[in-house]
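Colleague: Could you take me through one part of this model, slowly, as if I were new to all this? Pick a single piece and stay with it.

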Amino acid sequence: MKTISVHTQNPYDVLVERGILKRCGEYIRPLTKAGKCAVITDDNVDALYADSVTASLTENGFSVVKFVFPHGESSKNAQTLLDIYQFLCENEITRSDCLIALGGGVVGDITGFAAATFLRGMQYVQIPTTLLAQVDSSVGGKTAIDLPQGKNLVGAFKQPIVVLCDPDALSTLPELFLADGMGEVIKYGMIRDAQLFELLCGLDLTTVQAHFDEIIPTCIAIKRDVVENDPFDHGERMILNFGHTLGHAIEAYFHYETYTHGSAVAAGMCMMTKYNGTPEQYEKLCDCVKAYKLPASVDVPMEALVPLCSGDKKRAGGTLRYVVCEPTGNAQINSVTLQQFYDLFVK
């Protein structure tokens with residue numbers, strides 16, 4: 001087992017081990033006095049892992065209830081959140097009980113937000129089952145839901161009491177979702193670890209899986225270091241958004257239906273590097289994302305994408321912050337006016 005300790009205001013560990021999902025109750029039991037756990041998951045993950053998680057929790061003295069919602073980004077909204085609140089009330093969940101986020105980034109985000117707000121806050125556990133969630137969204141305490149006007153616009157900072165990452169869970173992922181996670185993995189190499197980026201450049205979507213036991217803890221440790229330095233996203237943590245300024249605009253342009261988050265981030269990284277990096281760096285990054293069946297661009301004029309960036313939560317007043325990586329492994333935050341950002345991409 002690999003343990004990455006996150007020293008925020010409420011410290012917790014991220015545990016990475018094959019098979020840990022089936023033994024989750026053993027690791028959760030010492031961390032909480034809860035008598036009841038509410039497992040929040042989606043319909044895809046429910047069919048694969050909910051029985052195993054429920055069995056382990058029950059064996060370790062918890063009573064368990066379960067809420068299942070339709071999978072996908074379209075469910076990360078206020079109505080689903082209200083449905084979760086109602087479910088928690090109907091099942092008499094108290095502040096001393098515990099929520100379990102079992103699933104990918106959507107499940108983790110909305111469950112974490114429910115944990116931050118229901119009864120003014122209660123404990124929760126992250127059990128991420130996708131690559132993207134294991135390396136990125138389950139760590140750091142950001143929780144949110146989407147609004148029609150943009151992604152993750154309503155949320156709260158809420159740290160879990162533990163994160164349990166089981167690489168074996170990735171074996172059931174369709175290729176599309178493995179690729180989705182690789183968008184965030186490549187991001188970590190670009191912003192902080194040139195050696196990781198070089199490793200990824202020599203692999204592809206098939207061969208990279210043999211390296212997950214190394215890659216997943218490496219990405220988590222990078223995020224841990226950044227989060228500890230900037231727990232509430234006022235400065236350095238912005239580097240985790242490399243590719244996201246344009247990536248979120250891409251998702252919004254296509255109404256969150258055409259590109260997965262990781263795909264949009266991959267295209268956003270490449271498009272940002274085209275205008276801010278060297279030609280050699282841009283070409284290498286494009287070759288890397290394509291090896292993982294991710295897009296290096298989208299068929300949308302920049303004139304249409306750039307205005308969508310102004311609605312992103314990385315905007316501060318009349319300025320917009322965006323991230324560039326030059327050289328690879330060295331992320332920098334730039335702050336410009338909206339007009340300057342527009343002029344950068346629209347010649």
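Modeller: Here is a close look at one helix, H2, from end to end. Keep in mind that this is a predicted model.

Let's begin with its length. Helix H2 covers residues 43-59, which makes 17 residues. At 1.5 Å a residue it should span 24 Å, and its end C-alpha atoms are indeed 24 Å apart, so the two agree. Still, H2 has a kink of about 60°, centred on Tyr-49.

Now the two ends. At the N-terminal end, Asp-42 acts as a cap: one of its side-chain oxygens sits 3.0 Å from the backbone nitrogen of Asn-44. Just after the helix comes Gly-61, which has a positive phi of about 90°.

Next, which residues of H2 are buried? They are Val-45, Asp-46, Tyr-49, Ala-50, Val-53, Ser-56 and Leu-57. So Tyr-49 turns up twice: the kink is centred on it, and it is one of the buried residues. To make sense of the spacing in that list, remember that an α-helix has 3.6 residues a turn, so residues three or four places apart point the same way.

And what lies over those buried residues? The cover includes a helix, H1 (24-28), along with four strands: S3 (36-42), S4 (63-69), S5 (98-103) and S6 (123-128). Strand S3 ends at residue 42, and Asp-42 is the residue that caps H2.

Note on methods: Residues are numbered from 1 along each chain as its sequence is written. This is a predicted model: local features need pLDDT of at least 70, side-chain atom pairs count only at pLDDT 80 or more; totals for chains, interfaces and linings use all residues. Side-chain values use heavy atoms; hydrogens and water are left out. Helices (H or I, at least four residues) and strands (E, at least two) are DSSP runs, numbered from the N terminus. The expected span of a helix is 1.5 Å times one less than its number of residues. The bend at a residue is the angle between axes fitted to the seven residues ending there and the seven starting there. Buried means under 20% relative accessible area, exposed over 50%, partly exposed in between (1.4 Å probe, protein chains only). Contact means heavy atoms within 4.5 Å. A polar contact is a pair of N or O atoms within 3.5 Å; within protein, one must be able to donate a hydrogen and the other to accept it, and residues adjacent in sequence count only if both atoms are side-chain atoms.
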